[in-house]
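This report looks at one strand and its neighbours, and then at contacts that involve aromatic rings. Please keep the sequence and the structure in view while reading.

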Amino acid sequence: MKRYRNGEIWDFEQEVSGEMGGGQKLILGLDGGTTNTVCICMPIIPFTPNHHSPDPPPVYARAVAGCSNHNSVGEIAARETLEQVMAEALSKSGSTRTAVRAVCLAVSGVNHPTDQQRILDWLRDIFPSDVEFFVENDSVAALASGTMGKLHGCVLISGTGTIAYGYTEDGREARASGAGPILGDWGSGYGIAAKALTAVIRASDGRGPQTMLTRTILHELQYSSPDELIGWTYADPSWARIATLVPVVISCAEAGDQVANDILIHAVKELASSVKAVVHRLGLCGKDGNDTFPLVMVGGVLEANRRWDIGKEVISCIAKDFPGMLPIRPKVEPAVGAALLAWNYIIEQSRQDHSEADYN
């Protein structure tokens, strides 16, 4: 175990005397996205023969940092963010790395085994040798947040970016979308806002219909001319910054603007098609298309807090093809889902060890 690049962030460990709670072992669950990164610190609940995931799961500490998607900010900055948020969570819990039993790190941008291996190698440099590590795409934690740690069903994430991920009980998995805005993550917050900005420019130069989006976006950004949007967009074209315009698009659609309404309808169709692609590939719906499966809905774009409810429209669109779909809006955040994944794995290992001991 070493301090890695940011030695000073672990200095607090020199002031912590002993582990929290008299030796209580901990799990770190991380959810890293394009907008921010959350780490929670959860105790390991003792094994019982008929174990169930704790509901609600106990959380000792929570820390928040910035973007940890290496495709967005680069690998060095992403690692620094992850290390910072883990150290802060442990510091808040009054514990150190020696108390950690497992780390489940679920980060956007982890799309290939080589991504996982790089992060695993890095984590092994930071933590003691007996710590177990789980590295996944952030969609895995999002699914687990709705199923309390069980990997079965489909999750649809739509925040700054979007992805649909699915898992079967026998371990097969599939994904759709999630390749980033350049490769067409339509239905994401970035995709919706980018289409709105494009519509304003098209209306301005005569290539598209006039739209309420022009006046509303200019007012939101305190500009007077659509031409100024070009400079604003390229001054800092970060995905999260562009996506902040989504509420403006929804407000215009609710006010009856056809262009804004069409943008949201297109987003709904794109999000629904991502889920349908995953469900078909994995056969989650069964041979007749009527089998039940959970669909976990995560992300600010899908939150049910507006009259023009994107999440509700997506569910209605999917239900036409898969009536057995069971929509779930998680009660816990994805970082807790990540911790529950590690908790379930540890408990399963413990149960197997007990079975082997009884057999012998």
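Strand E9 covers residues 293-298, and six of its six residues are buried, so the strand is mostly covered. The model described here is a predicted one.

**Strand E9 and its partners**

Which residues of E9 point one way, and which point the other way? Phe293, Leu295 and Met297 point one way, while Pro294, Val296 and Val298 point the other way. Residues of both sets are buried. In a regular strand, side chains alternate between the two faces of the sheet.

E9 pairs with strand E6 and with strand E10. The table gives both pairings.

| Strand paired with E9 | Residues | Direction | Bridges | A bridge pair |
|---|---|---|---|---|
| E6 | 153-158 | parallel | four | Ile157 and Val298 |
| E10 | 325-328 | parallel | four | Phe293 and Met325 |

Two residues of E9 thus appear in the last column: Val298 is the bridge partner of Ile157, and Phe293 has Met325 in E10 as its bridge partner. Both of these E9 residues are buried, and they point opposite ways from the strand.

E9 and E10 also belong to a β-α-β unit, together with helix H11 (residues 310-319). This unit is right-handed.

**Aromatic pairs around Trp10**

How many aromatic pairs does the structure hold? There are six. One of them is formed by Trp10 and Phe12, whose ring centres are 6.1 Å apart with 35° between the planes, a tilted arrangement. Both Trp10 and Phe12 are buried.

Trp10 has a further ring partner, Phe127. Why is the pair of Trp10 and Phe127 edge-to-face? Its planes stand at 75°, and an angle over 60 degrees counts as edge-to-face. The centres of these two rings are 6.3 Å apart. The pair links distant parts of the chain, as Trp10 and Phe127 are 117 residues apart. Trp10 lies in the segment before strand E1 (26-32), and Phe127 lies in the loop between helix H3 (113-126) and strand E5 (132-136). Phe127 is buried, like Trp10.

Ring pairs also bring in Phe133: Trp10, Phe12, Phe127 and Phe133 are linked into a cluster.

**Charges over rings**

Two tryptophan rings have a charged side-chain end over them. At Trp186, the charged end of Lys195 sits over the ring, 5.0 Å from its centre. At Trp232, the charged end of Arg241 sits over the ring, 4.0 Å from its centre.

Terms used: Residues numbered from 1 in each chain as written. Predicted model: local features only at pLDDT ≥ 70, side-chain atom pairs only at ≥ 80, totals over all residues. Heavy atoms only, no water. Buried < 20%, exposed > 50% of the residue type's maximum accessible area, 1.4 Å probe, protein only. Pairing = 2+ DSSP bridges. Right-handed = clockwise from strand over helix to strand, strands pointing away. Phe/Tyr/Trp six-rings, centres within 6.5 Å; stacked < 30°, edge-to-face > 60°. Lys NZ or Arg CZ within 6 Å of the ring centre and 35° of its normal.
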